[in-house]
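Here is a short report on one protein chain. It moves from the overall fold to single residues and their partners.

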Amino acid sequence: MQAVCELNYAQFLRVLPECDTADMTFEFTVRNVLSYRITITDAARYTTTLTVDQVNAYSPAYLKPSMTVRLYHDARVAEVISSQNTGAFAASYDYPNNKMRQRNEKQMVNIFLAEWLQFCLKHQPRVTSEA
């Protein structure tokens, strides 16, 4: 999982022109079909917290990915800290469990983020920044 988080950090730096200012929003579109918003909610010396949301109007809310990601600048990793409003993830879960989480759910959401970032970079999104 460490390698996935390191890859996510490097790809975030390619997607975002800058990520060291709080209260900034980046909206971008992939092929004029999918629209996404990345909002920097907190920026500190060693960490930046982002929210990533799909914002296109054609999909129902439950199908739109939404996650909170923390960038650790000193370690150069990006980790999903919540996804689809589920809260923090444990390193692993017993199975079965009351919330029906997969054993490796934390790893799976970080892999999803890696695939999403690769998709965005492959299709060269147009980024518009708002302060």
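## Fold and overall layout

Helices and strands here are DSSP runs, with at least four residues for a helix and at least two for a strand, numbered from the N terminus. On that basis the chain reads α-β-β-β-β-β-α-β along its sequence. The elements come to two helices and six strands. The model is predicted.

The protein chain has 131 residues, and 40% of them count as buried. Its exposed surface is about 7,800 Å². Carbon and sulfur atoms supply 49% of that area. Take the contacts between residues at least 6 apart in sequence: 43% of them join residues at least 24 apart.

## Helix H1 and valine 4

Helix H1 covers residues 2-15, 14 residues in total. From first C-alpha to last, H1 reaches 20 Å, close to the 20 Å expected at 1.5 Å a residue. Its buried residues are Cys5, Asn8, Tyr9, Gln11, Phe12 and Val15.

Valine 4 also belongs to H1. Its relative accessible area is 21%, so valine 4 is partly exposed; the cut-off for buried is under 20%. Beyond its neighbours within four places in sequence, valine 4 contacts Asn110, Ile111 and Ala114. The C-alpha atoms of valine 4 and isoleucine 111 are 6.6 Å apart, although 107 residues separate the two along the chain.

## Asparagine 110

Asparagine 110 sits in helix H2, which spans residues 105-122. Is it buried or exposed? Its relative accessible area is 0%, so asparagine 110 is buried.

Which backbone atoms does its side chain meet? One is the backbone nitrogen of valine 80, at 2.9 Å. Another is the backbone oxygen of lysine 106, which lies 2.8 Å from a polar atom of the asparagine 110 side chain.

The contact list of asparagine 110 leaves out residues up to four places away in sequence. It holds Met1, Val4, Cys5, Asn8, Ala78, Glu79 and Val80. Of these, Cys5 and Asn8 are among the buried residues of H1.

## Salt bridges

Side chains of opposite charge can pair when their charged atoms come close. How many salt bridges does the structure hold? The count comes to two.

One joins glutamate 79 and lysine 106, whose closest N and O atoms are 2.8 Å apart. This pair links distant parts of the chain, with glutamate 79 in strand S5 (residues 77-83) and lysine 106 in helix H2. The two residues are 27 apart in sequence. Glutamate 79 and lysine 106 are both buried. Each also meets asparagine 110: glutamate 79 is one of its contacts, and lysine 106 offers its backbone oxygen to the asparagine side chain at 2.8 Å.

The other salt bridge joins the side chains of arginine 37 and glutamate 27, at 3.1 Å from N to O. Arginine 37 lies in strand S2 and glutamate 27 in strand S1 (residues 24-30), ten residues apart. Arginine 37 has 29% relative accessibility, so it counts as partly exposed. Glutamate 27 is partly exposed too, at 25%.

## The aromatic pair

A pair of aromatic rings is described by the distance of the centres and the angle of the planes. This structure holds one such pair. The rings belong to tyrosine 36 and tryptophan 116. Their centres lie 5.0 Å apart and their planes meet at 75°. Planes over 60 degrees apart count as edge-to-face, so this pair is edge-to-face.

Tyrosine 36 is in strand S2 (residues 34-43) and tryptophan 116 in helix H2, so the pair ties together parts 80 residues apart in sequence. Tyrosine 36 is buried, with a relative accessible area of 5%. Tryptophan 116 is buried as well, at 6% relative accessibility.

## Arginine 76

Most residues other than glycine have a negative phi. What is the phi of arginine 76? It is near 60°, a positive value in a residue other than glycine.

Arginine 76 is found in the loop between strand S4 (66-72) and S5. Its relative accessible area is 48%, so arginine 76 counts as partly exposed; exposed would require over 50%.

Key
Residues numbered from 1 in each chain as written. Predicted model: local features only at pLDDT ≥ 70, side-chain atom pairs only at ≥ 80, totals over all residues. Heavy atoms only, no water. Buried < 20%, exposed > 50% of the residue type's maximum accessible area, 1.4 Å probe, protein only. Contact = heavy atoms within 4.5 Å. Areas by Shrake-Rupley, 256 points an atom, 1.4 Å probe, with all protein chains shown as cover. Polar contact = N/O pair within 3.5 Å; in protein donor to acceptor, adjacent residues only side chain to side chain. Phe/Tyr/Trp six-rings, centres within 6.5 Å; stacked < 30°, edge-to-face > 60°. Expected span 1.5 Å × (residues − 1). Salt bridge = Lys/Arg side-chain N within 4 Å of Asp/Glu carboxyl O.
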